[in-house]
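Grab a pencil and have the structure open next to you. Try each exercise yourself before you read its solution.

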Amino acid sequence: MRRRRRTTGAGAAAVAVTVLATALATTTGTAGAAEPERLVVDLGSDTGAFHGGASGSLYGVYGDGVPSRNLLEGMHVRTVSTKAQDGPQHPGADALEVLPPFVDSGGKDVYIYMTDIYRGFPYQWPGADGPARLADFKEKIKKQVQQVLTMGAYKDHVVYVPFNEPEGNMFGTGEWSYNKVSWLSDPQYYFAAWKEVYQLIKSLDPDARVAGPNTSVLYDQIKGFLQYAKANDVVPDVMTWHELSSPAAVRTNVAKYRQMEKDVGVGPLPINVNEYGHNYHLSVPGQVVQWVSAIEESKIDADLAYWNIDGNLNDSAVEANKGNGQWWLFNAYGQMTGRTVQVTAPHPNQQYTLQGVATLDKDKKQSRAIFGGNSGDADIVFKNIDPSLFGTTVHATVQEIPWTGQVGDSPQPLRLADQEFEVGADGTVTLPMTGMNEMSAYQVILSPGGNGGMPAEPSVSWRKAYEAENATYTGKGYSKNGPEGSPYEVGKFATSGGYNVGGLRTGSDGVLAFDVEVPQDGTYDLSVFANSYNLYDLVKEQGPTNVFLRVDGKDPQELRLPLGYKWVVWGHTDTTVKLTAGKHRITLSAQDPDLGVTRGDAIVDKIDLSLRDARVTAPAVYEAEYATLTGAEPRYSYAGASGPGTVPLPKGASASFWVHSPTDGEATVSVDHLGGGRAGLSLNGEKLDIPQVGGGRKGTDDVRLFLSGGINKITITGASGELLLDRLRVTQSSGTLVPRVYQAEDGSLSGAAKVTGAYSFASGGKTVTDIGKGKTNALTVDVVAEHSGRHALTIRYSNAEQAPATHYNPDPIARHADLSVNGGPARRVLFPTTFHFNNFWDLTVPVTLKKGTNRLTFTADELPDFNGDTYNEYDQRSPYAPVIDRIAVTPLTQK
């Protein structure tokens, strides 16, 4: 586990494109057959029930709230592999702390790496010889099982993994091995240990599921393992191994293993490939979709590999509650339903080419396809379209899920097109995609058309990317860095264009100039994709690296560029610029005569420019027929509806929407419906105390809600009659749910808690630190609520505590605060790392307040181990709350 390997993937290296504009041409039938690339979705085939197993995570969950339950549920995470409770491998990710929030968020199984009760890798298990080491391990296994047995019904979601990559550590040839004999050459010692441990677990918990052998690859020797296991009645309940290889190897090895089972006469067993992917792939939708295709086709579970920090869903989660492009890919994947169908790629089973996965849900009369992996043009062909399901006209919604970096928040997928097509006489529809980006994934949702539905406008306008390595640099300190990650350097991080530029740092006079050309006068969104390594000397001084933006030498702005846990970990800083039609020069500088000088050190990957016109500023549209439905199915026979149809919601039926908000604050949620009944609303799992929406006739109900920055779950549940729900439209608003803001330094402090001016980016220049290490060191803030009820408490905080690591994974610590309202029971809130104590993020938690003055008290203390009798000895559980800058209190809804 977690050994860094360099594996050359199959296929030619793809070249990143600089033109991000993607258009959908309009044709019907099989026109466009001359196109060189064709991805064919055969709706007449059936390859099995949709499984959804690719969304697993190794060490992706730190604890309850990191990531948020919204992120877990919305990503449809099926399996999590994580460390033994109280294990010292990494901070957080303790199995029994992860288990309840994961299961409550829809998760299926938590795989406990029992070996991670030890420090180091290879595992540093104590003992004078192999038998002594195994005896110590068995005692620890016994304790782990006994702890699981206290978890009530949650224990049914546990799978025990007794050994991890045994051929490389415990039963390998190194100094920490059993006897320096590899089980691959002489398996007797490992087989005997497997039998002892398996029988021990089953004796303590007869219903336990045990997984193994959990090797780093599918060795040929696995067949001998199965033979031994069968002969001794110790066959694992789940077969596990790792695929730090390629999607092609997934398909090949699953088939190879299934043949082993047949030869031996066991199984078929469930499979979990509980590590897959490399740094080059993770966070990149166009790369990960290729793995998803292979995993779903193989009908197995699989967990994204853990190369970096835990608690961020393997570079899917940003902060506590935001998702990047990879998160939205898994959100699209997890919303597939029905049966998978055959997808024929232009280069079958070849990585770094166009690949995909598709489903057909006959009950919904809906097909979904997600695909990606190449740049340029391709035909997406749907064939064998059943007229009894779709009619002779189909409605196609086409979306793009762009790459936004590992730590870059992403809004909902871009709507490229929403159109209707006549089905050809041969039962096909061809969608010619032009200008695709290899780093993006794409989704097509096909529904019945021809019913008078109103197609939506694209949500994206003119846009273009400009690579930093193609920009002009003047001044000292320039470096062109790369090539970065590639099919031949999968251990490195993906980078747009393969290169990036350094030079903007403390003491520099550098200027990075991008020559751009835009089509019309207007306001443009500008995103700077950049990175500063949080532990680098120049960066440690201030935190976020500041640089200065000008357009044609005018209108200076100061930007703070994103921090990351390593170099070449990309995020984006966003702003707007006003441009006239034609050519302009946009500069990023380390000095500005009006604003100051850069402090820190940053690298820049690219800038993205996009026109901010009516398409972009229009409310985000979420069609009901594309939502997650419970007890309901779409109908496609209502003229005047948005999109292909509506969803009737009888009493108790629901439609859930995953809604993005760029910030924590007020939004107007417009519920469009065609009448027929009424429904209630829930936000992030809480039923809202507001009037029901709907009525007897077509209309719109506008509801003002406080949305958390990032991902929000809005659920509409039928209450009476049968509400014909059309869609949600969501837009930022202000003026109704007005926050009251309180600076932490104006609160009451006790004990060692103190006010400091050490962090220049704090609002007002001051913060409160040293909360914790005992309840006497506390912050108390009195806040006022205009009415009683639920409120959003938004805490602006920073946290950069990091534990010493024994390997390449950075080990940041999620600090916690125990929050008490009006002297009531404390609620524990986890705060993920912000990468520097001078880098502040917002985290919102809901609280119940009474009308008038309410007292909020923040305390913290080091948490003991599970049994309450010991503490972590490697500084992996902090006794402190985060640094608190300010808090804001906002009504959750409009009364």
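**Exercise 1.** Leaving aside its neighbours within four places in sequence, which residues is Q326 in contact with? Then work out whether Q326 is buried or exposed.

*Solution.* Keep in mind that this is a predicted model. Start by finding Q326 in helix α8, residues 325-334. Next, list the contacts beyond those sequence neighbours: H281, L282, S283, V284, P285, V288, L304, L313, N314, D315 and S316. Pick out D315, whose backbone oxygen lies 3.4 Å from a polar atom of the Q326 side chain. Finally, check the relative accessible area of Q326: it is 0%, so Q326 is buried, the cut-off being under 20%.

**Exercise 2.** Find what span helix α6 should have at 1.5 Å a residue, and compare it with the distance between its end C-alpha atoms.

*Solution.* Helix α6 covers residues 247-264, which makes 18 residues. The expected span is 1.5 Å times one less than that number, giving 26 Å. The end C-alpha atoms are 26 Å apart, so the two agree. Now look at the surroundings: buried residues of α6 include V250, Y257 and M260, and among the elements covering such residues are α5, β9 and α7. Just after the helix, G265 takes a positive phi of about 90 degrees.

**Exercise 3.** Work out which strands stand at the edges of the sheet that contains β50 and β55.

*Solution.* Write down the order of this open, antiparallel sheet: β47-β50-β55-β52-β53. β47 and β53 each have a single partner strand, so they stand at the edges, with one side left without a neighbour in the sheet. Further in, seven bridges join β50 to β55, and V781 stands opposite L856 in β55.

Methods:
Residues numbered from 1 in each chain as written. Predicted model: local features only at pLDDT ≥ 70, side-chain atom pairs only at ≥ 80, totals over all residues. Heavy atoms only, no water. Pairing = 2+ DSSP bridges. Helix = DSSP H or I, 4+ residues; strand = E, 2+ residues; numbered from the N terminus. Buried < 20%, exposed > 50% of the residue type's maximum accessible area, 1.4 Å probe, protein only. Polar contact = N/O pair within 3.5 Å; in protein donor to acceptor, adjacent residues only side chain to side chain. Contact = heavy atoms within 4.5 Å.
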